[in-house]
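Open the model in your viewer, keep the selection box handy, and let's take a walk through it together.

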Amino acid sequence: MARRTISSHLLVALCILSSARALSSASSDVDAFIGCLSTAIPSNLVKTPGTNSYSELLMSSVQNLRAVLPGTTMPVVIIAVTEPAHVQATVVCGRRHSVRIRTRSGGHDYEGLSYASIHPREHFAVLDLAELRAIHINTTRSEAWVESGATIGELYYAVASANQTFGFPAGNCPTLGVGGHLSGGGFGALSRKYGLSVDNVIDAVVVDAEGRLLNRSTMGEDLFWAIRGGGGESFGVVVSWKVRLVPVPETVTVFRISRSRKQSAIDLINKWQLVAPVLPRDLYLRVLVQNKQAAFIALFLGQCGRLVDTMRRYFFELGMTQQDCQEMSWVQSTVFGYFDTASLPTEVLLNRTRTKDFFKAKSDHVCQLMPRKAWESIWDKWLDKPEAAAVNLDPYGGFMRTISPSETPFPHRNYLYQLHLLSSWFENGTETLEKRLSWMRGVYEDLTPYVSNNPRAVYVNCRDLDLGTNELEGNVTSYEKAKVWGEKYFKGNFERLAAVKSKVDPEDFFRNEQSIPPLPAA
């Protein structure tokens, strides 16, 4: 463990040195920016590379060490804001002194775009929202205000502490930052029952490109539509979200059943893809293929007896019995869903410590059943290799399918399931990196005949720079270049997102390698 910590801080130190050389010509703008900040933000909240605590703050919520390898450009300043006024001041000062802003709420960011840049001459500041983490529950109205720096685990814990029959539909990992997760949609175990996180957002507070603090009524419905799934860092800084809490029973049931290839894993996956999207909405059944095993993992909003009956009716081939059941509260099921055990106390959801490793991920969507021979081929060629990644299959259907693809920017409503590849490793090295990336890209290529197309459909919370990166046209991002990756994330909603960008940030102040560009004038 000590070796990992030393390695990660050494990586960021090397990045800071390379960034400092590239940024010397912009030092006057940066100095003026810092001077501007000093009039509104306490100096102890403003960290530069020369500050002792800069590296510690930068690494505090970094998860993907690939994003801080030498050659990556680091921020010239990190502002650890503690109130919305600090966000406003940072945006105003950034605009005034030509220092762009990137916003970080959690750091899971798969390609690190919220705190690093692949462009050597980029100079930018990072707004770190980790201390904006207040959560206020209104049990009477079944609503909550949650600040963007809170984690999903903190939100789950607060909701259940207020009322054991409240839940919220969001992701599996408790250290996800609320801001980034909701900005991309927010898929999770309750989505078949209640939709995405953003389907349950009813208001928000945003700092726009002019530094104004806006809510739903003052920002307008176009911007409110765009921030609910259009990806982070394109339209402004969302500092807090008002969400609708959903009802969950006092007792839910989970199970995890693992099968090897010799135990008919491929046949079971083949049957799973037929039944999982049409199961009753109270049942979420995903598959995790890892270490040559297929694990079938369920959350059922009810007691064991009903679940056994449901599985016998829809998926008897799995052989699920009452002995496989574990009954618990909904909040305890969120612990089980991530840690694969129900023995840990729910307070573990409050732990903000993130595992730091090197990783690469890709996502896709399946609209027609993959033939059994395709699964055999993928397993033979890729899943038996030592460098094989984890393959997650997450079912759609249920309430997800009742919502129009244009209701929010997240358009992937009518697929059978999402396919998510995640490869992680702890040792840095060119050979390891190339082997892992080669595996990931090889599987992605071989899946091409069986998954989404025209365009290939990708979940924006699974950022992937392999899809393409932005280029400037004048002083704004090229719309035509951005379409290459943008239509994969947003399909027909991409043009509308660009139109909103043109209205709220026409000068393209909020931008990164995959931010929404302004729509060119007709």
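Select Ala189, which is partly exposed, with a relative accessible area of 30% (buried means under 20% relative accessible area, exposed over 50%, and partly exposed in between, with a 1.4 Å probe and protein chains only). You will find Ala189 in the loop between helix 6 (178-183) and helix 7 (191-194). Helices (H or I, at least four residues) and strands (E, at least two) are DSSP runs, numbered from the N terminus. Now add Ala170 to the selection: 19 residues separate it from Ala189 in sequence, and the two C-alpha atoms are 7.2 Å apart in space. Leaving aside residues up to four places away in sequence, Ala189 touches Ala170, Tyr284 and Leu299, where contact means heavy atoms within 4.5 Å.

A word on the model before moving on. It is a predicted one, in which local features need pLDDT of at least 70 and side-chain atom pairs count only at pLDDT 80 or more, while totals for chains, interfaces and linings use all residues. Residues are numbered from 1 along each chain as its sequence is written, and side-chain values use heavy atoms, with hydrogens and water left out.

**Stop two: the sheet of 7 strands**

Colour the strands in the order 15-12-14-13-17-18-16 and you have an open sheet with antiparallel pairing; two strands pair if DSSP finds at least two bridges between them. Which strands stand at the edges? They are strand 15 (326-328) and strand 16, each with a single partner strand, so one side of each has no neighbour in the sheet. From one strand to the next, the twist averages 20°.

Zoom in on strand 13 (residues 283-290) and strand 14 (residues 293-300), which run antiparallel and are joined by 8 bridges. Leu283 stands opposite Phe300 in strand 14. The loop between strand 13 and strand 14 holds Lys292. Phi of Lys292 is near 65°, a positive value in a residue other than glycine. Most residues other than glycine have a negative phi. Lys292 is partly exposed, with a relative accessible area of 46%.

A similar check is worth making at Ser264, in the loop between strand 12 and helix 10 (265-275). Phi of Ser264 is near 70°, again positive in a residue other than glycine, and Ser264 is partly exposed at a relative accessible area of 35%.

Next, show helix 12 (residues 330-339), which lies across strand 12 (252-260), strand 13, strand 14 and strand 15 and runs at about 20° to strand 12. Axes here are lines fitted to C-alpha atoms, for helices over the stretch in contact, and angles run from 0 to 180 degrees between N-to-C directions.

At the other edge, select strand 16 (residues 358-366): 9 of its 9 residues are buried. One side carries Phe358, Lys360, Lys362, Asp364 and Val366, the other Phe359, Ala361, Ser363 and His365, and all are buried. Strand 16 pairs with strand 18 (residues 417-425) in the antiparallel sense over 9 bridges. In strand 18, look for His420, the bridge partner of Ser363.

**Stop three: the sheet of 4 strands**

This open sheet has the order 1-2-4-3, with mixed pairing. Its edge strands are strand 1 (46-47) and strand 3 (100-104), each pairing on one side only. Strand 2 (residues 77-80) and strand 4 (residues 124-128) run parallel, joined by 4 bridges, and Val77 stands opposite Ala125 in strand 4. Strand 3 pairs with strand 4 in the parallel sense over 5 bridges, where Ile101 stands opposite Ala125.

Is strand 3 buried or exposed on its two faces? Arg100, Arg102 and Arg104 on one side and Ile101 and Thr103 on the other are all buried. Now bring up helix 2 (residues 27-37), which lies across strand 1, strand 2, strand 3 and strand 4 and runs at about 15° to strand 2.

**Last stops**

Select Pro455, in the loop between helix 14 (430-446) and strand 19 (472-473). The peptide bond from Asn454 to Pro455 is cis, with omega near 0°.

Finish at helix 15 (residues 479-490) and helix 16 (residues 494-504), whose axes come within 9 Å and cross at roughly 125°. Among the residues making the contact are Trp485 and Phe490 of helix 15 and Phe494 and Leu497 of helix 16.
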